[in-house]
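Got the viewer open? Let's take a walk through this one, one selection at a time.

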Amino acid sequence: MIKEITIALSGNPNSGKTTIFNNLTGLRQHVGNYPGVTVEKKTGETKYKGYKVNVVDLPGTYSLTAYSLEEIVARNFIVNEKPDVVVDIVDSSNLERNLYLAVQLMELNTPLILAFNMADIVKKSGNKIDISLLSELFGIPIVETVGSRGLGSNELLEAVIKVVSSRKEKKVEVKYGEEVENEIVKIISVLKEEKIPTFEFDVRWIAVKLLEQDRDIIDTLKKTSGPKYSKVEEVTARAIGHITSILRDTPEIIIADGRYGFINGALREAYEEVDQVKVDISERIDRVLTNRILGIPIFALIIWLMFQFVFTLGKYPMGWIELGFGKLSVLITEIVPQGLISSLLVDGVIGGVGE
Ligand SMILES: Nc1nc2c(ncn2[C@@H]2O[C@H](COP(=O)(O)OP(=O)(O)OP(=O)(O)O)[C@@H](O)[C@H]2O)c(=O)[nH]1
Ligand SMILES: [Mg+2]
């Protein structure tokens, strides 16, 4: 029997999702809309090592808050349709911003793989990413890809199969500091006490979303739990008030800061940025040398200079060599008696090499 896997490609706009989608699925793809909304839904499939792999191209988003239709569509797909694996296509030449979405996917507690796309740009920049350390710090497999050159697709599918067949739950949790964590605990316990349905969402995730005042989650909970929600609302409002008065910022901002703090902590350990001044200088030199108009004359000039250099400077060692060989022939004529051997050495060997 063919085993079937569904993977969803998420990622920031322009990170290379569609490129990788096309690499994976070839031409076997289908375009439609997500149920109920007119956001393009592209699905396709491929076969890999006895698996039928369905691939869904999710809308590009920077975040998973409820500010845009794309964000809601992406997270609802992940939560409701439960793809076996979410592959987050990360523009690895712009790590900090792109990892913000990755951290939120991590918090959703969905099986996740990060594709560090645009690896060619990173390589060219000279910046160094310690992929295995970053993967360990995030608790998520990371695969490097260069979508535009079709590199990394098999490695990606390999990682997908590994995640699907191992199902190991190694969760790294983002912590938001004691004050926020205490309030999260309170909200989780009221959600449990009141038996509020959290559907397929992780209960901690719901608590964080309530602190962030996520409209979509609040509306859903209100609708499904009726009057029981008022207790949750009360605890949440108190938590928000408490956090705001102590930390002097809304929980939404503190939580976003916490995610960036987590990302920056990991990047400090696993990412090394090359000295920008050096890159600028070498880029400027590059730009002049490879200029469309100046390139060829500069090339001709360099070659001419090289010839000059060789012929002018070359005169000196040439002189020394001639002098040396002259002395050597004189020496041999003196040592070796006149005859065939002497002639062979002086006229043949030294004459041949020395001239
Ligand atoms: N240098 C480089 N360019 C890439 C790579 N992968 C994709 N691109 C280019 O990046 C651009 C954006 O790629 P898309 O696949 O359209 O990105 P997307 O994530 O689908 O974008 P949206 O659908 O707009 O969110 C295209 O011009 C690709 O050719 C890569 O690994 N390296
Ligand atoms: Mg696209």
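Before you select anything, one working term: two residues are in contact when they have heavy atoms within 4.5 Å of each other. Keep in mind, too, that this is a predicted model.

Start by colouring the protein chain by domain: domain 1 takes 3-166, domain 2 takes 178-272 and domain 3 takes 280-354. We'll stay with domain 1 and domain 2, whose centres, taken over C-alpha atoms, are 26 Å apart.

Next, show the residues where these two touch. You should pick up 27 residues from domain 1, in contact with 21 from domain 2. How much area is buried between domain 1 and domain 2? About 2400 Å², with carbon and sulfur atoms giving 62% of that.

Now go looking for charges. There are 3 salt bridges between domain 1 and domain 2. Then select R75 and D216 and show their side chains: they meet in a salt bridge, at 3.4 Å from N to O. Widen the search to polar contacts, and 9 residue pairs turn up across the interface of domain 1 and domain 2, both partners at pLDDT 80 or more.

Switch to cartoon and look at the side of domain 1 that touches domain 2. The elements giving two or more residues to that side are α2 (69-81), α3 (95-107), β7 (128-129) and α5 (131-138). Zoom in on α3, which makes the largest contribution with 8 residues.

Last stop: colour that side of domain 1 by residue type. You'll find 16 nonpolar residues, 5 polar and 6 charged.

Definitions and conventions:
Residues numbered from 1 in each chain as written. Chains lettered and ligands numbered in written order. Predicted model: local features only at pLDDT ≥ 70, side-chain atom pairs only at ≥ 80, totals over all residues. Heavy atoms only, no water. Domains from an automatic or database assignment. Buried area = accessible area lost by both parts, 1.4 Å probe. Salt bridge = Lys/Arg side-chain N within 4 Å of Asp/Glu carboxyl O. Polar contact = N/O pair within 3.5 Å; in protein donor to acceptor, adjacent residues only side chain to side chain. Helix = DSSP H or I, 4+ residues; strand = E, 2+ residues; numbered from the N terminus. Nonpolar A, V, L, I, M, F, W, Y, C, P; charged D, E, K, R; others polar.
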